[in-house]
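Reader: Could you pick one part of this model and go through it closely with me? I'm new to this, and plain words would help.

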Amino acid sequence: MDIVRIAALGIVGVLIAVSLKKERAEYAVLVAMTVCICIFFYLLTKVGTVLLFVEELTEMIPVDSRYIGLIVKMVGITYVAEFATDICKDAGYGAIGNQIEIFAKLSILVVSIPVIHVFLETMGSFL
Amino acid sequence: MSVNLIFKIAAVGILVTVISQVLKHSGREEHAFLTSLAGLIIVLFWIVPYIYELFETMQNLFAL
């Protein structure tokens with residue numbers, strides 16, 4: 001049911017953006033960005049429920065909750081970077097999109113450094 | 001919230017296009033540019049709070 005609304009919203013947005021593209025390119029980009037934002041709002045409600053499930057899962061499995069938090073942070077970084085990159089690429093500016101993507105990858109790497117650190121220590125203790 | 005915003009932006013876009021065409025034909029080039037700029041600023045005023053709200057919820061949700 002939801003997916004029908006999302007698809008309709010997307011198609012209407014695309015049709016409006018295409019009709020505006022010829023005379024006023026900037027409005028086409030603005031309409032496309034608005035549609036992306038609306039769909040992202042719906043998406044956030046779904047992600048919220050998934051995160052609740054993940055939290056329940058962490059209680060059951062005796063994994064250190066810090067790692068789960070890191071994973072969730074990485075997913076968040078990816079979502080935001082993907083959103084921004086696609087909008088930039090739609091507007092025709094691939095270079096800016098790639099810069100955002102590279103920044104996102106680096107920030108994910110930075111976030112995962114402690115995990116790698118712990119992993120290397122445990123490996124070292126085995127040998 | 002979302003759907004009529006899209007239609008509002010489309011309406012502003014079409015309106016600005018028409019006004020700038022009329023102004024161009026009546027010989028006032030700079031007015032045409034000013035109206036398109038004004039339209040753009042109005043639309044930005046509508047969109048920016050949504051972008052801010054979106055990134056705010058993202059931060060809270062993912063504890064970024």
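**A close look at Arg5(A) and its partners**

Author: Let's start with Arg5(A), which counts as partly exposed because its relative accessibility is 44%. On that scale, buried means under 20% relative accessible area, exposed means over 50%, and partly exposed lies in between (1.4 Å probe, protein chains only). Before going on, a word on what you're looking at: this is a predicted model, where local features need pLDDT of at least 70 and side-chain atom pairs count only at pLDDT 80 or more, while totals for chains, interfaces and linings use all residues. Residues are numbered from 1 along each chain as its sequence is written, chains are lettered from A and ligands numbered from 1 in the order in which they are written, and side-chain values use heavy atoms, with hydrogens and water left out.

Back to Arg5(A). Its side chain meets that of Asp2(A) in a salt bridge, 3.1 Å from N to O. The rule asks for a side-chain nitrogen of Lys or Arg within 4 Å of a carboxyl oxygen of Asp or Glu. Why would such groups pair? Side chains of opposite charge can do this when their charged atoms come close. The two residues sit 3 apart in helix α1 of chain A, which means that about one helical turn separates them. (Helices are DSSP runs of H or I with at least four residues, strands are E runs of at least two, and both are numbered from the N terminus.) Asp2(A) is partly exposed too, at 29%.

Now for the other partner: Lys46(A) also forms a salt bridge with Asp2(A), again listed at 3.1 Å, N to O. This pair ties together distant parts of the chain, with Lys46(A) in helix α2 and Asp2(A) in helix α1, 44 residues apart. At 48% relative accessibility, Lys46(A) counts as partly exposed.

That link also crosses a domain border. Chain A splits into domain 1 (1-45) and domain 2 (46-127), with bounds from an automatic or database domain assignment. Their centres, taken over C-alpha atoms, are 27 Å apart. Contact (heavy atoms within 4.5 Å) takes in 10 residues from domain 1 and 8 residues from domain 2. Across this interface the rule finds 1 salt bridge. On the domain 1 side, helix α2 (residues 25-60) gives the most, with 9 residues.

How much area do the two domains bury? It comes to about 820 Å², with 71% from carbon and sulfur atoms. That is the accessible area (1.4 Å probe) lost on putting the two parts together, summed over both. In domain 1, Phe40(A), Leu43(A) and Thr45(A) lose the most, together 47% of what that side buries.

For contrast, look at helix α4 of chain A. There Lys105(A) forms a salt bridge with Glu101(A), with their closest N and O atoms 3.7 Å apart. They are 4 residues apart in that helix, which means about one helical turn between them. Lys105(A) is exposed at 54%, whereas Glu101(A) is partly exposed at 26%. Back in our corner, salt bridges with shared partners join Asp2(A), Arg5(A) and Lys46(A) into one network.

One last number for perspective: a search of the whole structure finds 4 salt bridges over all chains, and the count between chain A and chain B is 0.
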